Amino acid sequence: LRPQKHLDELRRHHEKLMTLLPILNVAMGARQFAASRLLGHRTARDFWIKHFGNQAHEISWERFREAFENEFGMQHPEDMLHLKRRLDENADGAISVYELASFSDHGGLRANFDKLIGACEEDVPLSIGTRNQILSR
């Protein structure tokens, strides 16, 4: 038996449920899940619906990356790694509507990506607090 492994797995499931809870609460107002109800910024909403549809609540990082580069052009792999680390808040390898909304609601998807990468190029430490300060500029 490996109790730590099981505890870590339970923590990941708990984090996932806590991520999905706000989505479910908002979405339950409608009989069917609608990503458009959760994505406040137009650019993120349009991007999500165009590439994944309005009913998708979570997609793999690989699928997100392909859509992002299809939409905005090829990006440097390190820049995409920074984006993945910022978006995938619970490190489960998937991007949820909730995670995208928390990243993009203040400024939009592309603009916040550019701010994030600009901060990385300046070697600014990217703690969560720093990331939020960068995105709120």
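At what angle do helix α2 and helix α3 pack, and how far apart are their axes? Here are some notes to help you find your way around; bear in mind that this is a predicted model.

1. To take that opening point straight away: helix α2 (residues 42–52) and helix α3 (residues 61–72) pack at an angle of about 115°, and their axes are 11 Å apart. The two helices are therefore roughly perpendicular to each other. Their crossing is right-handed. If you want to see who touches whom, α2 brings Phe47, Lys50, His51 and Phe52, while α3 brings Arg63, Phe64, Ala67, Phe68, Asn70, Glu71 and Phe72. Sorted by class, the contact of α2 with α3 has six nonpolar residues, two polar ones and three charged ones.

2. Now a step back to the whole chain. The protein has seven helices and two strands, and along the sequence they come in the pattern α-α-β-α-α-β-α-α-α. It has 137 residues, of which 36% count as buried. Looking at contacts between residues at least 6 apart in sequence, 49% join residues at least 24 apart.

3. Helix α3 is a good place to spend some time. With twelve residues at 1.5 Å a residue, α3 should span 16 Å, and its end C-alpha atoms are indeed 16 Å apart, so the two agree. Its buried residues are Trp61, Phe64, Ala67, Phe68 and Glu69. As a reminder, an α-helix has 3.6 residues a turn, so residues three or four places apart point the same way. Just after α3 comes Gly73, with a positive phi of about 90°.

4. What does α3 do with α4? These two pack at an angle of about 125°, with 12 Å between their axes. That makes α3 oblique to α4. The crossing of α3 and α4 is right-handed. On the α3 side the contact is made by Trp61, Phe64, Arg65, Phe68 and Glu69, and on the α4 side by Met80, Leu83, Lys84 and Leu87. By class, this contact of α3 with α4 has six nonpolar, no polar and three charged residues.

5. Trp61 deserves a look of its own. This residue lies in helix α3. Is Trp61 buried or exposed? Trp61 is buried, because its relative accessible area is 6% and the cut-off for buried is under 20%. Setting aside neighbours within four places in sequence, Trp61 is in contact with Met80, Leu83, Lys84, Leu87, Gly93, Ala94 and Ile95. For Ile95, you can also check the backbone: the C-alpha atoms of Trp61 and Ile95 are separated by 5.9 Å, although the two residues are 34 residues apart along the chain.

6. Next along is the pairing of α4 with helix α5 (residues 97–104). These pack at an angle of about 110°, with their axes 9 Å apart. That makes α4 roughly perpendicular to α5. The residues in contact are Leu83, Arg86 and Leu87 from α4, and Glu99, Leu100, Ser102 and Phe103 from α5. By class, the contact of α4 with α5 has four nonpolar, one polar and two charged residues. Leu83 and Leu87 may look familiar, since Trp61 is also in contact with both of them.

7. One last backbone detail. Most residues other than glycine have a negative phi. Ala91, however, has a phi near 50°, a positive value in a residue other than glycine. Where is Ala91 found? Ala91 sits in the loop between α4 (77–87) and β2 (94–96). Its side of the story on accessibility is simple: Ala91 is exposed, with a relative accessible area of 61%.

Notes: Residues numbered from 1 in each chain as written. Predicted model: local features only at pLDDT ≥ 70, side-chain atom pairs only at ≥ 80, totals over all residues. Heavy atoms only, no water. Axes fitted to C-alpha atoms, helices over the stretch in contact; angles between N-to-C directions. Helix = DSSP H or I, 4+ residues; strand = E, 2+ residues; numbered from the N terminus. Parallel < 35°, antiparallel > 145°, perpendicular 65-115°, else oblique. Left-handed = near helix turned anticlockwise from the far one by under 90°. Contact = heavy atoms within 4.5 Å. Nonpolar A, V, L, I, M, F, W, Y, C, P; charged D, E, K, R; others polar. Expected span 1.5 Å × (residues − 1). Buried < 20%, exposed > 50% of the residue type's maximum accessible area, 1.4 Å probe, protein only.
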